[in-house]
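Thanks for sending this one over. Here are my notes, set out as numbered points to read beside the model.

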Amino acid sequence: MTDLATADLLVGLSLIAAIWFGCRYCWQPPSVAKSIVKTASVAGLAIAGVALAAPPLLIAALALGAVGDFCLSRAGDKAFLAGLSAFALAHLAYIALLLQVGASVSADLPSLIVVLLGCVMAVLLFRTTGKLRWPVVGYVTIIAVMGLLAVGLPAGYALALIAALLFMLSDTVLGFEYFILPRQSRLRVATPFVIWVTYWSAQALFLAALAPYSLP
């Protein structure tokens with residue numbers, strides 16, 4: 001089996017795990033099965049990156065995402081902070097990778113929208129996250145920087161831009177679900193699905209955009 005065929009198989013298995021997680025576990029409380037399926041859905045993308053000889057930063061970002069998935073699938077503030085830290089490191093890897101492919105910050109309308117969204121989320125979450133406020137605001141800053149760089153990507157990186165925007169959407173909804181929406185809100189029926197679909201799609205699109213081969 002060639003490396004490309006191996007990568008195709010791994011991406012396919014990751015997609016199956018992602019669909020399984022979305023249909024069976026994404027709204028469920030913590031469990032061993034939930035952690036395994038969630039982690040495998042992105043760990044498979046990281047291993048596919050190895051098969052594709054993807055940039056080390058991309059592989060690291062995907063692997064850190066898998067670690068973050070495992071942590072966030074567990075209960076408690078310590079697990080949440082561990083997951084937040086893993087995803088912050090993953091986004092720093094994506095930031096470095098975007099800089100490597102020529103991203104830059106521009107003074108234009110898309111950049112202004114990203115900055116405004118980051119500021120609004122930082123203020124809202126600062127008020128509602130209690131003792132977690134500084135780690136959360138730090139994370140919001142990091143993902144806003146990633147978004148700023150993504151809207152400044154050169155032509156030919158549309159998939160990476162879409163991936164970054166999906167990541168921002170996923171984390172925005174996650175922030176509302178964790179810290180802002182009332183427990184009885186009807187929106188909570190939909191938020192786990194929105195978070196998962198946008199998040200996994202973002203990881204897969206980053207792999208497709210920034211690995212040296214185009215995935216089918």
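**Notes on the fold and some chosen residues**

1. Let me start with helix 3 (residues 56-72): its 17 residues should span 24 Å at 1.5 Å a residue, and the end C-alpha atoms are indeed 24 Å apart, so the two values agree. The expected span here is 1.5 Å times one less than the number of residues. Helices are DSSP runs of H or I with at least four residues, strands are runs of E with at least two, and both are numbered from the N terminus.

2. A word on the source: this is a predicted model, in which local features need pLDDT of at least 70 and side-chain atom pairs count only at pLDDT 80 or more, while totals for chains, interfaces and linings use all residues. Residues are numbered from 1 along each chain as its sequence is written, and side-chain values use heavy atoms, with hydrogens and water left out.

3. Which residues of helix 3 are buried? They are Leu58, Ala61, Leu62, Gly65, Ala66, Gly68, Asp69, Cys71 and Leu72. Buried means under 20% relative accessible area, exposed means over 50%, and partly exposed is in between (1.4 Å probe, protein chains only). The buried residues of helix 3 pack against helix 2 (32-51), helix 4 (77-100), helix 7 and helix 8.

4. Now the whole protein. It has 8 helices and 0 strands, and along the sequence the pattern reads α-α-α-α-α-α-α-α. The radius of gyration is 17 Å, close to the 17 Å that the globule rule gives for 216 residues, so the protein is as compact as a globular protein of that length. That radius is taken over C-alpha atoms, and the globule rule is 2.2 Å times the number of residues to the power 0.38. Along the principal axes, the C-alpha atoms fill a box of roughly 50 × 45 × 25 Å.

5. Some totals may help you here. Of the 216 residues, 48% are buried. Among contacts with a separation of 6 or more, 75% involve residues 24 or more positions apart; contact means heavy atoms within 4.5 Å. The accessible surface comes to about 10500 Å², and 74% of it belongs to carbon and sulfur atoms. Accessible areas come from the Shrake-Rupley method with a 1.4 Å probe, and for residues only the protein chains shown count as cover.

6. Two buried residues are worth a look. Serine 170 lies in helix 7 and is buried, at a relative accessible area of 2%. Neighbours within four places in sequence aside, serine 170 is in contact with Ile195, Thr198 and Tyr199. Leucine 210, in helix 8, is buried too, at 8%. With the same kind of neighbours set aside, its contacts are Pro55, Leu58, Leu97, Val101, Tyr157 and Ala160. Leucine 210 and leucine 97 are 113 residues apart along the chain, yet their C-alpha atoms are separated by 8.4 Å.

7. How many salt bridges are there? The count comes to 1, where a salt bridge is a side-chain nitrogen of Lys or Arg within 4 Å of a carboxyl oxygen of Asp or Glu. The pair is aspartate 77 and lysine 131, at 3.7 Å from N to O. Aspartate 77 lies in helix 4 and lysine 131 in the loop between helix 5 and helix 6 (133-151), so the pair ties together parts that are 54 residues apart in sequence. Aspartate 77 is partly exposed at 39% relative accessibility, whereas lysine 131 is exposed at 71%.

8. Please also check two loop residues. Alanine 53, in the loop between helix 2 and helix 3, has a positive phi of about 55 degrees although it is not a glycine. Alanine 53 counts as exposed, at 58% relative accessibility. Arginine 186 is in the loop between helix 7 (158-180) and helix 8 (191-210), and counts as exposed at 79%. The C-alpha atoms of arginine 186 and alanine 211 are separated by 39 Å, with their positions 25 residues apart along the chain.

9. Last, the surface. Leu109, Leu112, Ile113 and Leu116 form a nonpolar patch with about 400 Å² of accessible area together. Isoleucine 113 belongs to helix 5 (residues 109-128). Patches are made of residues with over 30% relative accessible area and no salt bridge, joining like charges within 9 Å and nonpolar side chains (Val, Leu, Ile, Met, Phe, Trp, Tyr) within 5 Å.
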